[in-house]
Amino acid sequence: EVLRSVARRLHGGMRPTDTVGRLGGDEFLIVIPTIRKAAEAAAVADKVLAQLAAPFAIGGRNFVVSPSIGISLFPDDAEDAEGLIRCADIAMYNAKDAGRNAYRFVTREMGARSRERLDLEAALRRALQNGELFLVSQPQLRISDDLVVGVEALLRWRHPEAGLIMPNRFLPVAEETGLIQAIGDWVLDEVCAQVRRWRDQIGLTVPIAVNVSAQQFRDGQLPAKVAAALDRNGLQGWELEIEVTEGTLIDDVPSAIATLRALKQRGCLIALDDFGTGYSSLNYLHRFPIDKLKIDRSFIHDLEQDGAGDSIPRAIVGLGRSLGLSVVAEGVETEAQLQLLRSLKCESFQGYLFSRPVLAEELEPILALRAA
Ligand code: C2E
Ligand code: MG
Ligand code: MG
């Protein structure tokens, strides 16, 4: 119904010589044959943004849309429809990245960047087959006694030419292309295999956490995949902790709860990652069957900045206590931050202060000595 209303508003604002169509999903295309200068296209884009600014009242509720508009010009940017649409698409993604509610004209640099993205996608496909992906692990320590109470597995990519590539660079591409499913399956199995090795070799008895992206979480197969990976490696549920962000859960609360319940059914632990940065809905928090809150590292970083203070970490620790959840602080880099967290009675921490994410072998001596 929102799409229909958007279409009506778009259509209402155009001239008879213009064409308005829906390309698919939430993407619309406007063809304006009479434009002679870029400024005219900009004026139309401004008009469209204004038209869509007012909320849509549907079924007694208000919906707000945040359009992103990409513009390409004939014949400067391309000489055929396909080329023009491709250029407008590239510009549209730039408008989206710029924070939505904006328009962008396509530029040469954007074209280069989108080619880079295509190269990255092709390389990422090969990476999975060629075994270029690997995991590093970062321990979580209990603040009261410095024992290791958990380990987070983090993904890395060793590119044959470009070297080490971090997840924030390639995971967005993996998400957009759907490759995240295959990568996520690999990570899940690899993590379970690692838990098994550690349990057999050094008698490890703390859970290993794995990050799960929104797409993996929403496709409905995650609980079955997790159960299969655990079974394949002869593991119990509590040995695996699933990390999700609030954003992943909030889109469709009922099905998020169902998925979380299915994971808990198998005994897995659930952690809410980057807590405090998403659309924290306290309304829902108590309905999600979760075990742990991870205070986002931006709040830990702010602990030492003047003025920011400790109010957010303090509040999250309090929230955790009253909801019966454990709380771990991410990104602890200094002794001063740790002291503050100790004074707040935050349960555990993770960060460069104790260890960067490292290869499994490097962590083994520490795990053998200090695992709770
Ligand atoms: P995250 O799950 O919040 O992971 C914590 C990030 O903080 C990691 O970045 C870690 O290296 C970094 N970090 C840890 N301690 C410190 C510190 O003291 N200071 C600073 N500045 N940073 C610290 P990394 O490994 O680059 O991962 C980034 C994000 O990529 C992760 O954020 C997670 O959302 C995602 N990610 C990583 N591995 C996977 C994976 O296997 N699957 C999925 N779906 N996402 C993953
Ligand atoms: Mg995480
Ligand atoms: Mg995090």
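This report walks through a magnesium site, one helix and one buried aspartate in a predicted model.

## Ground rules

Local features need pLDDT of at least 70 and side-chain atom pairs count only at pLDDT 80 or more, while totals for chains, interfaces and linings use all residues. Residues are numbered from 1 along each chain as written, chains are lettered from A and ligands numbered from 1 in written order, and side-chain values use heavy atoms, leaving out hydrogens and water.

## The magnesium site

D273 (OD), D274 (OD) and E330 (OE, listed twice) are the protein donors of the magnesium ion (ligand 3), at 2.0 to 2.6 Å. Donors here are N, O and S atoms within 2.8 Å of the metal (3.2 Å for Na, K and Ca); water is not among the atoms, so sites may look incomplete. Along the sequence, the donor spacing reads D-D-x55-E.

D273 also coordinates the magnesium ion (ligand 2), which sits 4.2 Å from ligand 3. D273 is buried at 7% relative accessibility, whereas D274 is partly exposed at 26%. (Buried is under 20% relative accessible area, exposed over 50%, partly exposed in between, with a 1.4 Å probe and protein chains only.)

## Helix 15

Which residues of helix 15 (residues 360-370) are buried? They are A360, L363 and L367. These cover an arc of only 60° around the axis, so they share one side of the helix; the arc uses directions from the helix axis to the C-beta atoms. E361, A368 and L369 are exposed on the other side. Helices (H or I, at least four residues) and strands (E, at least two) are DSSP runs, numbered from the N terminus.

## A buried aspartate

D18 lies in the loop between helix 1 (2-12) and strand 1 (19-24). D18 is buried yet has no salt bridge, and R15, the nearest side chain of opposite charge, is 5.4 Å away. A salt bridge takes a side-chain nitrogen of Lys or Arg within 4 Å of a carboxyl oxygen of Asp or Glu; for charge, Lys and Arg count as positive and Asp and Glu as negative, with His and the chain ends not counted.
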